[in-house]
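Me: Got a model open here and want to talk it through. Can you take my questions as they come?

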2 protein chains.
Amino acid sequence: MARIKTENNLTRKEVIVAKAATLFREKGFKAASMRDLAEAVGVEAASLYNHIKSKTEILHELCFSVANRFVHKIDEVEAENTNAVNKIEKLLRFHINEMLHHYEEVYVSDREWKHLSDPYLSNFQNQRRIYRKRFAAIIETGINEHQIKSIDAPTAVLIMLHAISGIESWHRSTQKITAEELEENMISILVGGLVNR
Amino acid sequence: MARIKTENNLTRKEVIVAKAATLFREKGFKAASMRDLAEAVGVEAASLYNHIKSKTEILHELCFSVANRFVHKIDEVEAENTNAVNKIEKLLRFHINEMLHHYEEVYVSDREWKHLSDPYLSNFQNQRRIYRKRFAAIIETGINEHQIKSIDAPTAVLIMLHAISGIESWHRSTQKITAEELEENMISILVGGLVNR
DNA sequence: ATAATATACTAACGAATGTTAGCGATGTTT
DNA sequence: AAACATCGCTAACATTCGTTAGTATATTAT
């Protein structure tokens with residue numbers, strides 16, 4: 001009877017959720033079975049239920065831990081005393097680094113939230129909608145102050161956010177530029193596409 | 001015994017595939033069941049098999065019909081006698097319009113291709129990889145001719161393609177700007193992010 | 001050492017899945 | 001009208017799914 005190995009002060013639940021993130025990213029939430037997850041963790045499927053309530057609970061944990069980090073960040077950025085373009089750049093760099101260093105979680109949260117069930121589903125969608133509105137509001141400010149060219153702010157937001165989710169492809173590619181280079185390239189293209197010249 | 005209704009010269013198979021595209025987009029390939037699809041088509045699940053070989057075959061049809069359209073387009077654009085920025089703009093506009101007018105198919109092809117099985121899977125991945133290389137090559141040309149700023153071309157490609165997939169959110173949003181406005185906004189931001197000033 | 005708790009196991013469940021077989025009804029061609 | 005192909009139906013199949021119950025073992029606290 002081999003116990004789930006815990007390292008770095010992680011609870012067994014956290015180990016399971018972390019392995020699940022990898023699995024959900026690779027196969028998708030629906031296609032990844034609890035038996036798959038059990039094997040990845042090194043245990044029988046039924047044993048997982050000593051640590052988690054359900055498969056969906058794992059998805060909750062992943063989606064909301066990611067969402068909360070972004071909300072916390074935009075709280076911080078909004079409060080800063082700087083111009084709109086700076087704020088946007090900070091948000092973008094945060095998104096990029098989240099995608100670089102918490103790839104599995106962020107990716108799963110982005111692509112698999114549809115499989116949440118109410119009330120978590122509506123909750124998540126609400127948070128997402130509000131986040132995007134706040135992001136758009138910063139862009140609007142930049143437009144009004146003529147730092148940013150006159151574009152539709154919600155459209156700009158969806159371009160930015162989806163563009164960053166492209167880092168998925170970078171992770172899988174064989175000939176990678178470094179993470180730093182990637183970050184600078186993305187900022188150059190995305191911010192460059194917004195600003196007035 | 002109600003037959004599958006065919007309109008506009010569509011075969012029954014094409015009706016099934018079209019309905020499947022909607023369903024796969026809404027629920028994901030794995031979560032959408034053949035019984036769901038049957039209901040959407042107005043028939044029993046077993047009856048579908050008079051027209052299609054398997055659930056996976058439907059996914060093949062969707063993925064490759066989309067992929068073929070993009071390959072065909074880049075063939076056309078590469079052959080044109082114009083500069084790199086123009087070529088990129090044409091490709092982007094094509095992507096945007098595909099996403100606007102063949103939303104279901106393009107979205108499914110983009111997100112669900114992982115569930116293809118070999119040899120179709122490797123085939124699809126190859127086509128995708130080659131397409132992106134050709135796109136990157138056009139960007140490289142623009143960089144060498146100093147129309148485009150000095151960036152990593154593969155990174156630029158993944159930003160462009162993923163940004164466009166954000167049109168998904170536009171489709172679902174309630175207060176939409178028009179399709180034409182969306183197209184112009186996207187082109188402005190994306191091309192604006194590339195060009196040298 | 002003993003008791004208590006945490007964790008893993010085996011076995012099994014009901015439900016849902018993709019798919020096949022066989023039959024009858026419908027539509028088309030001769 | 002007869003022959004034939006097309007199409008949809010019911011019934012059923014083998015798997016796989018998430019999850020639960022009950023039990024055994026390992027760890028921790030007393």
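Me: Start with DNA strand C. What does A:Ser47 do with a phosphate oxygen there?
Reply: An N or O atom in the side chain of A:Ser47 sits 2.9 Å from a phosphate oxygen of DNA strand C. Bear in mind that this is a predicted model.

Me: Which backbone atoms come up to a phosphate oxygen of that strand?
Reply: Take one from each chain. A polar backbone atom of A:Glu44 is 2.6 Å from a phosphate oxygen of DNA strand C. For B:Met34, a backbone N or O atom lies 2.8 Å from a phosphate oxygen of the strand.

Me: How many residues surround DNA strand C, and which are closest?
Reply: There are 22. The closest are A:Ile4, A:Glu44, A:Asn50, A:His51 and B:Tyr49.

Me: What share of the strand's atoms within 4 Å of the protein is sugar and phosphate?
Reply: For DNA strand C, 67%.

Me: And the classes of residue on that surface?
Reply: Near DNA strand C, 10 are nonpolar, five polar and seven charged.

Me: Now DNA strand D. Which residues come nearest?
Reply: A:Tyr49, B:Ile4, B:Glu44, B:Asn50 and B:His51, out of 22 around the strand. Sugar and phosphate make up 64% of the atoms of DNA strand D that come within 4 Å of the protein.

Me: Which side chains have a polar atom by a base nitrogen of strand D?
Reply: A:Arg35 is one, with a polar side-chain atom 2.9 Å from a base nitrogen of DNA strand D. B:Asn50 is another, at 2.5 Å from a base nitrogen.

Me: What about A:Tyr49?
Reply: A:Tyr49 goes to the backbone of the DNA. A polar atom of its side chain lies 2.5 Å from a phosphate oxygen of DNA strand D.

Me: And the class split by strand D?
Reply: The surface near DNA strand D has 10 nonpolar, five polar and seven charged residues.

Me: Switching to the protein chains. What turn lays chain B on chain A?
Reply: A turn of 180 degrees, with a shift of 0.0 Å along the axis. The RMSD is 0.0 Å. The two copies are thus related as by a two-fold rotation axis.

Me: Which C-alpha of chain B is nearest the axis?
Reply: That of B:Gly193, 1.8 Å away from the axis.

Me: How much of the contact surface do the copies share?
Reply: The same surface serves both: 100% of the contact residues of chain B recur in chain A. Each chain puts in 41 residues.

Me: How much area is buried there?
Reply: Chain B and chain A bury about 3,000 Å² between them, and 60% of that is on carbon and sulfur atoms.

Me: How many salt bridges and polar contacts between the two?
Reply: Zero salt bridges link chain B and chain A. Residue pairs in polar contact number 14, with both residues at pLDDT 80 or more.

Me: Which helix of chain B gives the largest share of that side?
Reply: Helix 9 of chain B, with nine residues. By class, the side of chain B touching chain A has 18 nonpolar, 10 polar and 13 charged residues.

Me: Back to salt bridges. How many over all chains?
Reply: The count is 34. One of them pairs the side chains of A:Arg69 and A:Glu105, at 3.6 Å from N to O.

Me: What does that pair tie together?
Reply: A:Arg69 is in helix 3 of chain A and A:Glu105 in helix 5 of chain A, so the pair joins parts 36 residues apart in sequence.

Terms used: Residues numbered from 1 in each chain as written. Chains lettered and ligands numbered in written order. Predicted model: local features only at pLDDT ≥ 70, side-chain atom pairs only at ≥ 80, totals over all residues. Heavy atoms only, no water. Least-squares fit on C-alpha atoms with pLDDT ≥ 70 in both. Contact = heavy atoms within 4.5 Å. Near = heavy atom within 4 Å. Polar contact = N/O pair within 3.5 Å; in protein donor to acceptor, adjacent residues only side chain to side chain. Nonpolar A, V, L, I, M, F, W, Y, C, P; charged D, E, K, R; others polar. Buried area = accessible area lost by both parts, 1.4 Å probe. Salt bridge = Lys/Arg side-chain N within 4 Å of Asp/Glu carboxyl O. Helix = DSSP H or I, 4+ residues; strand = E, 2+ residues; numbered from the N terminus.
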